[in-house]
Each structure stands twice: as C-alpha cells, then as structure tokens.
Amino acid sequence: MKLYITPGSPYARMARIVVLEKGLERRVEVIAAQTRVADSPYYRINPSGRVPYLICDDGVGLEESAVICDYLDSLDGKPVCGLPGGGRDWEARRFEALARSLLDGVAVWGRELVRPENERSATVIQHEARRSERLADVWEKEIDDPLLRGALNRIQLTLACALGLEARIPDFRWRTGRPRLTAWFERLGARASFAATAPPRAV
Ligand SMILES: N[C@@H](CCC(=O)N[C@@H](CS)C(=O)NCC(=O)O)C(=O)O
C-alpha cells in the first residue's frame, strides 16, 4: 500500500500514527506528496490533491483521515484505535466532533500562514485563533473523561494531532493556563508513534 502525506499535515499524521501503532511499516510505503502547487504530478494520483491518501493493495484509493485510519486499523481484523463504543457511542462521537472542530480550525489558521504574507487574512487568523482558545478551554474541562484517558482511540488521535500544530503555528499557545490538557498531551506525545511523526517546527 502507499500512503501519501506531507510532513506537516495533522490529518496525514493521524494515518501515520496508525501505521506505526499497528506495525504496518513494511506493508505501507509512506510517500511525501507535493500539495498546493499548480500542476503537481500528485494530482494525477489523487485528483483532490489532499493528503492523506491511501492506495490499497487492490489499487483503490481512499481519502479522509478517519476513513484511512479505520481501514488500516481493521486490516488485521482487530481494530484498536477507532472510535470506542462501550455504551458511550454518542459521547465518543460528540468528542470526536469536538476534536475535529479544533483540528479543522487550526488547520485553516496554519494554511493562512503558509500563504505569501500579502495574501494572508488577518481576519481569518484572528477568527481561528479565538475559536482555538474557546475550544482549548472546553478540552481543559473534558480531558479527564475516561474516553480521553483510556486506550488510544480516534478522539485522542484527532485532538493530539490538532494540539501538535503548535509546532507549526507559534501563536497557537494553547498550553497557557491549561495544565491538565498540557499534561495529557505530554503523556500521549511521548508515545513512540507520536514522537516519530511530530510535525517539523515552523522556522
Ligand atoms: N478532511 C480531510 C482534510 C485533509 C486536508 O485538508 N489535508 C490538507 C493538508 S493538512 C491538504 O492536503 N491540503 C492540500 C490542498 O488543500 O490542496 C481529512 O481528514 O483527511
């Protein structure tokens, strides 16, 4: 299989973490794609131009981090890092949506910063920065829930990959005043699969 990524993409990082968690390094070749440039050869592989993108053994291509994570996680018939059930299915989905909300917002913020300076929108940046503050406050309150503390799952993956964007966005200072979220992130970040996929720091 081939997994197309970019080193700084939090969505691709989710899939890369599952590859490592499930010991799929030999089955999945991780390939850096050239995104967001005109006429990238990658567009012939994945017309949407987004990462992550997984080409399965049968040649079928999959989009969307959650779909790819679930697919990789299910290959051995023993999924371990998807959405937990256990009678709290709706709570798990609520948390996943909340983590996605932070991830999608901070990703928009990061995207503004890679645009040429004269094309950046201060309004968008401020809007996303404030959204991230509000959502980080929510997470500081929710972080002790068993769904966040128990075995690795997609809620944790999504939230940690969102918070990890602090490496790319110097002003995303979610740690300040949020000791519980910080401790949670530090603990998860020390896991080998997270450490090995940490996004490169913005210069
Ligand atoms: N909903 C998608 C989002 C993927 C996404 O937006 N990836 C970004 C990188 S962080 C990308 O590939 N951008 C390139 C582009 O927009 O052309 C997922 O969860 O996989």
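The following exchange concerns the cysteines and the ligand site of a predicted model.

Me: What makes the count of disulfides zero?

Reply: A disulfide requires two cysteine sulfur atoms within 2.5 Å, and by this rule zero are counted. For cysteine 56, the nearest cysteine sulfur is that of cysteine 69, 13 Å away, and cysteine 56 is therefore in no disulfide. Cysteine 161 also has the sulfur of cysteine 69 as its nearest, at 8.1 Å, and is likewise in no disulfide.

Me: Why is cysteine 56 called buried?

Reply: Buried means under 20% relative accessible area. Cysteine 56 has 6%, and therefore counts as buried.

Me: Is cysteine 161 buried or exposed, and what makes it so?

Reply: Its relative accessibility is 1%, under the 20% limit, so cysteine 161 is buried.

Me: How do you know that valine 51 makes a polar contact with the ligand?

Reply: A polar contact needs N or O atoms within 3.5 Å. A backbone N or O atom of valine 51 lies 2.8 Å from a ligand oxygen atom, so the pair qualifies.

Me: What places arginine 100 and arginine 111 in polar contact with the ligand?

Reply: A polar side-chain atom of arginine 100 lies 3.0 Å from an oxygen atom of the ligand. For arginine 111 the corresponding distance is 3.4 Å. Both values are within 3.5 Å, so both pairs are polar contacts. The protein buries 83% of the 510 Å² that the ligand exposes when taken alone.

Me: Which helices each supply at least two residues of the shell around the ligand?

Reply: They are helix H1 (10-21) and helix H4 (89-113).

Conventions. Residues are numbered from 1 along each chain as its sequence is written. This is a predicted model: local features need pLDDT of at least 70, side-chain atom pairs count only at pLDDT 80 or more; totals for chains, interfaces and linings use all residues. Side-chain values use heavy atoms; hydrogens and water are left out. Buried means under 20% relative accessible area, exposed over 50%, partly exposed in between (1.4 Å probe, protein chains only). A polar contact is a pair of N or O atoms within 3.5 Å; within protein, one must be able to donate a hydrogen and the other to accept it, and residues adjacent in sequence count only if both atoms are side-chain atoms. Accessible areas come from the Shrake-Rupley method with a 1.4 Å probe; for residues, only the protein chains shown count as cover. Helices (H or I, at least four residues) and strands (E, at least two) are DSSP runs, numbered from the N terminus.
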